[in-house]
Every structure is written in C-alpha cells, then in structure tokens.
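Trainee: Could you take me through this structure and explain how its descriptive terms are earned?

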Amino acid sequence: MLTRLKGGIIFDPARGVNGKKKDIYIRDGKIVRKPPAQSKIDSTIDINNKIVMAGGIDINTHIGGGKINIARMLVPEDHIENTDNSAKIKRSGSGYFTPTSHLLLIALVIVTQKWDTPVVLNRLCYRSTLVRPIWKWLTHRLSILVHTAYWVMMIFFCR
Amino acid sequence: MSTKNQTHLYKDLACPFCSLHCDDLEVRNSAGKLIVEKNACSIATSQYEKPGILSTPMIFGEKTTLDKALAKAASILKNSNQPLFTGSASDVNGCRSLMALADKSGAIVDHLHGDSMVSNLRILQNKGWITTTLTEIKNRADLLIFIGTDASSRYPRFFERLVWDQPSLAGLKKNKRHITYIGDDLDIEQGKNPNGNKPTLIKPNRESINETLSILRALLKGTKIEENLIDSQTLTRLRKLVDLIRAANYGVLIWDPAEFSSTDGELSVQIISDLLRELNQKQRFAGLSLGGSDGGTTFNSVCTWQSGFPLRVNFSEKRPVHDMFAYSTKNLLNRAHVDSLLWLNNFDTSLSVPRTKIPRIMISRATRKISENIDVYIPIATPGLEHKGNLMRMDGVLSLPLRKLRESEHLSAAHILDKLRELA
C-alpha cells in the first residue's frame, strides 16, 4: 500500500532539511524514497502548506482555544502596547500576557535546531570514558548558549 | 475516496450553515447530488440541496483561467494602498489563509456580520460578561429569557436541540423549564412547552427594549417605579418575571446582537452584561449571545489568536492596528478610505458583494450569474460539502469538524488564498 503525502513543508534537522516543500511517500507503514513514475499510488493525502516533522513532540497548546482567546479580547491594551511588526520570517502580532501565534514558526525552528546542536557537537567527542562526561557537560552548556543566542537574535534583530 | 458515481449515506454530520452547527444530520450523496435525509432544518436543506454548480473564474464577466484570475487579483492587491477584506465568511483554514494574506498585503479585515458583532465585542472589552455554553443550557437552564429575539427564526432547531430535548445530565425535567420573551415582533410558537405550558411574552408598549430592561433591573434591586414611567400591564408582567427570576436555579439571558437596533444595540448588550453581574451576586445566571453565522465566530477567533485583536484590524502599517469603528466596511466604503476590496464568502450565495467603484475581487461559492462589474471572480468549494474543515460554534468554546460529501472541481478558499499570497 503506497501513500503519498502531497505538498507539505518539511523540517528534518538531522538531514538539514529546513522548510522545504516536498512530497513524502509511505509504503507499508515506512517512509520510502520517491517510487518510479509509473508506480500505482493507492492514496494521496493533500497536506498543502502543512508542516511535517518527526513525531515524539507532544503538542498541547492553548494557542487558539476559547479561554485564551477570551483573555486576549478582554485586554486590548496589552496588545496595543505590545505590537510586533512583521518581518521576512514572521507575521505581525501583539500581546505580552496573552501573545498571538505569530512567533510560532520561529519557536518551532528553535525547538528543532536546539536538539541539533548537541548532536553535532557530540559527533566530535572522544570515546574515552574519562573525557566523555566532561565533554557531555561542556556540549550541553554550549548548546544552551547557542540556543539562547539564536532566540535573542530572532527576537531583537529580525524586526 | 471518490464519491462521484456512488450513492452514499453520511451520518452524524455537522452542518456549516448557521452557528448552531447541529451535528446529527444525515445527508445522502446520490451521484453528486446531495439530498438531506434527517435532522436538517429549512436553512440547511436549502443550502445542502443547492446543485453543485461548476463555474469558472472570470475577469469582468469574461471566462478565464484560474492562473490569469489569480494574476489579475494579485496585481490589484499589489497596486492597492489600502485593501479591504470583507465578507470573510469561511472555515478555520480559509480564515487563516485570509489573515496571512491580509498581513502580507497590508489590508483591513472585517466580517460580513461585523456591525452586530462589534456591539458584543465593545462590551466584552470594556466590562466583561458571564456567558454559558449550549450544553450547559441544555442540561441546567430552568429559566430562559429571550431578549429581542426568538432564536427560532434564525436558528430553527434551537428549541429542538437545546430546550425541549431530553437533558442528559443534572436530571433537569423539561417540564420545569420556563420560557420568557421580551421584545416586539417575535415568533413564540416554539417556546410552548410540550406539556402545554405557554411561554410568557413581555411586549414593550411605547418603551424601547432598553427602557424595559432598565426597569427590570430596577425592580430586581427593589427600586420604586413611578406609575407613569411604564405601561401598567408591562409593569405587572415584569413584576411576575422578577418572581420567576428569583426562583430560578440556573437562568439564562439570550440575545442576538444582529436583532438589536444598530444605534442602541451596544447599550442593550451593556444592560444585559450588568444584569448578569447583579444577578450572580445571589444566584446563578449566565448569558448566551446568538449570532456568528457565516463563519463569524470562526473569523473573530482566528483574527484574535493571530493578530491579538478581534474585529476589525488594519495591517497596512506592518503591525495590527485595531479600531472597531473606523474600520467598518460601511464607513471605509462611504468615505473612500480603501482602494480595493476582496470579498470572501463560502456559504450563502444570496449575499452580494458591496457596491463600490473600486476594484473588487470576489472569491465565493459558485453562482451562475456574475456581474461584469466584478473585476475578478474565483469560485471555491464549500466546506462541509466539498472539503473537510472546521467551524467554531456560536458559544465560542469548540469547533465542529466538517466532512467532505462529494467531489468538486473547485479548490478550497484556503488553497486559493494561499496561491494568491504567493503572487501578491
């Protein structure tokens, strides 16, 4: 059974795929390479412009739920005082206590990038059992630093 | 799954055609023709059974390709200093795509029902209110007071689904429910209890509904009412209503901002909001606002979680600017503050694009006759009939999933708006 997921935007940090629009093919429950042109596709699922990423991320958000939206509507002053301009990588938005979802894509990119940094650093580590814990401590701290710097750059320099 | 040449009966469907979104409909697809079989009201039946028209994009009434229509629409938006997006009647994904396009094009966003929704929103922002959900009403309400509306005219199954339906929790017996209407020109037929009890009707005589409500508030506070202030029959009925209110376990005040006058509507909502606050000091009372059909509740929600503000928002300064009065469609068109208009309408084809001389882009459910004065027309598929989607219910607490019942050659609103955004 061959399934095609059509038109999704893929984030795969392990392979350096960063927001590329590409189809995904699944055969018998496993992701496979693009099959030859004449293959019979049993099912095509249109995921146009939807974000695709590896699972294992539990998304439980209160982005657009009824309650937080009521909160936003109740404090227009919070949004008037804290508006955020649109830029190349983000939409405009507003709110400090009850922010909008305009930074969501950035948060997503940061989440995926954050886990990439220690992976890359750890590829360079020693096999020695003595040095390994020290190296682990160091790369963990470095990844937090890189992550924080990235976040700061995104918020303050990309307006 | 192709449904083109088969007959298939779909059950437990959520209906997109009013903000009650009844979810027990049964509709049959008979070779592409939809036939309602169970649980649909007159509005739903007429909308579901409309033939699926195959229409093509048009430029000034001349048939054209989708690519050309999109290119023309994109150029209108690019050359426009202040676009206005209105109608905005679509499902969640359609609204999301519209907001993304508005952010990019620097447009003002409003909704078809903006004028009435603003009455509510102003009060919510300035005073707050206490509201309830449809399920709470169904399970708990023993006194329902309809203010300025009868609910059944615009929401035909309101009473069938929420009032006289068998409650499922809290053990409320439906013969214990009292129904009262306050207002003029109301159809009180559905308010009749199946056990025979008639609803109470308080019809303001010379007074406006605001005066009647204010006197009710004063009576509840124990204020002395002068004899000549109000018609004596109305006063007697109001005193009886005070007794009913005091005896209620869980009372609900129900209104529809679209049915208040455009000038005094906000005041009516304010009085209701104050009444609710006062009543809740000693007992339990909550409000329910009707309205929000044609994706009104949906659009308001999407606009709020993405821009931070409910209707109406302007993106021309690259950030959301909120002004409920300046950015009304009527005001903007009358004062020529906008130089292009994009009309989005997924549902009711009897509605027409506002009349104006500025360039108009019409992205709408397929209709046969398109005026040659419309610059660009692009037909779209209907959510809940021709593609999946979601719509938020009138009480704003949940969204109903919509299903695809038949194939269509047209794309969804979200698809078209996303393509337009890539070009604009």
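**Strands, core and contact side**

Mentor: Within β11(B), B:L253 is the residue that serves as bridge partner of B:I145. This is a predicted model, in which local features need pLDDT of at least 70, side-chain atom pairs count only at pLDDT 80 or more, and totals for chains, interfaces and linings use all residues. Residues are numbered from 1 along each chain as its sequence is written, while chains are lettered from A and ligands numbered from 1 in the order in which they are written.

Trainee: What makes β8 and β11 of chain B a pair?

Mentor: Two strands (DSSP runs of E, at least two residues) pair if DSSP finds at least two bridges between them. Strand β8 (residues 143–147) and strand β11 (residues 251–255) of chain B have five bridges in the parallel sense, so they count as paired.

Trainee: Why are β10 and β12 of chain B called edge strands?

Mentor: The open sheet of five strands runs β10-β9-β8-β11-β12 in chain B, with parallel pairing. β10 (200–202) and β12 (285–289) of chain B each pair on one side only, which makes them the edge strands.

Trainee: Which residues is B:L144 in contact with, beyond its neighbours within four places in sequence?

Mentor: Contact requires C-beta atoms, placed from the backbone, to lie within 7 Å, and B:L144 is in contact with B:V163, B:R177, B:I179, B:V252 and B:I254.

Trainee: How many residues of chain B are in contact with chain A?

Mentor: By that criterion, 23 residues of chain B are in contact with 24 residues of chain A. α10(B) gives the most to this side of chain B, with five residues.

Conventions. Contact = placed C-beta atoms within 7 Å. Helix = DSSP H or I, 4+ residues; strand = E, 2+ residues; numbered from the N terminus.
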